[in-house]
Amino acid sequence: MSKSLSGKTALITGSTSGIGLAYAKVLAGEGANVVINGFGDADAIEKERLGLEALSGAKAQYSGHDLTKPDEIEAMMAQAAEAFGGVDILINNAGTQHVAPVEDFPVDKWNLIIALNLTSAFHTTRLAVPYMKSKKWGRIIQTASAHSLAASPFKSAYVTAKHGLAGFTKTVALEVATFGITANCISPGYVWTPLVENQIPDTMKARGLTREQVINDVLLAGQPTKEFVTVDQVAAMALFLCSDAAASITGANMSIDGGWTAQ
Ligand code: NAD
């Protein structure tokens, strides 16, 4: 049976866990071929890949390319083109975090975060747009963050990258607006994923707090709902942005943050 995204191909960076994997599941469930990317245990990834194919019968490929390296991004995009002709839906989602005061911020962590959270989206986008233009249809979605709109202390590289990603997205949206291509950010507040869990120890150290204090007094302090956002809520927004109903939403930054940036 034909589904709403049958015949389309979605490439989702950083989709071996967390939010990215949730995107892959909703898009594959709607019939899209998917290319998943990221690191992790090979057997676990193969299991996820097979699970994605079982959702609707569309194909799923895995790319283990390291997106901090432009030549590997080119290889990933070439793999997608070889397998499926090109990418109709590009979701730039791969990201990482490091928490430290600016004067102690490790230079290698700064460079890693800018390369992965910001520059990789430039490379995937520049490589995906020609195909989308030829098809007169495309969807570019970034997992930005509430940190694309507001700052928190000790996250200088992450906040810089996410603000940059928001500006990049608006620029691309203007450039491709007459080609049936939209470009938007989804900006979650705190979502319970490995990325959030892994920053708890450093935040405990940077602020001198217990684990419970970090969760309640730091992570959820600014989130008025006092609930973590779920990966499924974020993925549902991406699916909507891929629909025809969202064709006029472009250059937008869609907050899913429990009210964080309303303050
Ligand atoms: P996650 O750690 O679960 O997923 C990160 C993914 O990126 C994994 O698949 C990982 O293998 C992959 N990855 C890491 N380094 C990579 C590299 N060099 N090349 C290719 N892939 C790489 O994290 P998540 O929370 O699902 O984060 C996904 C995105 O959502 C990130 O951009 C993050 O900044 C953003 N985000 C997360 C939250 C949150 O609270 N979790 C909130 C706002 C925005």
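This chat goes over the ligand site and the largest cavity of a predicted model.

Biologist: What should I keep in mind about the model and its numbering?
Modeller: The model is predicted, with local features needing pLDDT of at least 70 and side-chain atom pairs counting only at pLDDT 80 or more, while totals for chains, interfaces and linings use all residues. Residues are numbered from 1 along each chain as its sequence is written, and side-chain values use heavy atoms, with hydrogens and water left out.

Biologist: How many residues surround the ligand, and which are the closest?
Modeller: There are 30 residues around the ligand, and the closest are Thr16, Ser17, Tyr158, Val191 and Thr193; a residue counts if one of its heavy atoms lies within 4 Å of the ligand.

Biologist: Where are the polar contacts of the ligand oxygens?
Modeller: Taking a polar contact as a pair of N or O atoms within 3.5 Å, a ligand oxygen is 2.7 Å from an N or O atom in the side chain of Thr16. A ligand oxygen also lies 2.8 Å from a polar backbone atom of Phe39, and one lies 2.6 Å from a polar backbone atom of Val191.

Biologist: How much of the ligand is buried by the protein?
Modeller: Taken alone the ligand exposes 830 Å², of which the protein buries 92%, with areas from the Shrake-Rupley method and a 1.4 Å probe.

Biologist: Changing topic, which residues line the largest cavity?
Modeller: Thr13, Asn92, Asn93, Ala94, Leu116, Asn117, Ser120, Ala121, Thr143, Lys162 and Leu165 do, where a cavity is a set of points on a 1 Å grid over the protein atoms alone at which a 1.4 Å probe fits but cannot get out, and lining residues have an atom within 4 Å of a point.

Methods
A polar contact is a pair of N or O atoms within 3.5 Å; within protein, one must be able to donate a hydrogen and the other to accept it, and residues adjacent in sequence count only if both atoms are side-chain atoms. On a 1 Å grid over the protein atoms alone, a cavity is a set of points where a 1.4 Å probe fits but cannot get out, and a pocket is an open set with protein on both sides within 12 Å along at least five of seven lines; lining residues have an atom within 4 Å of a point.
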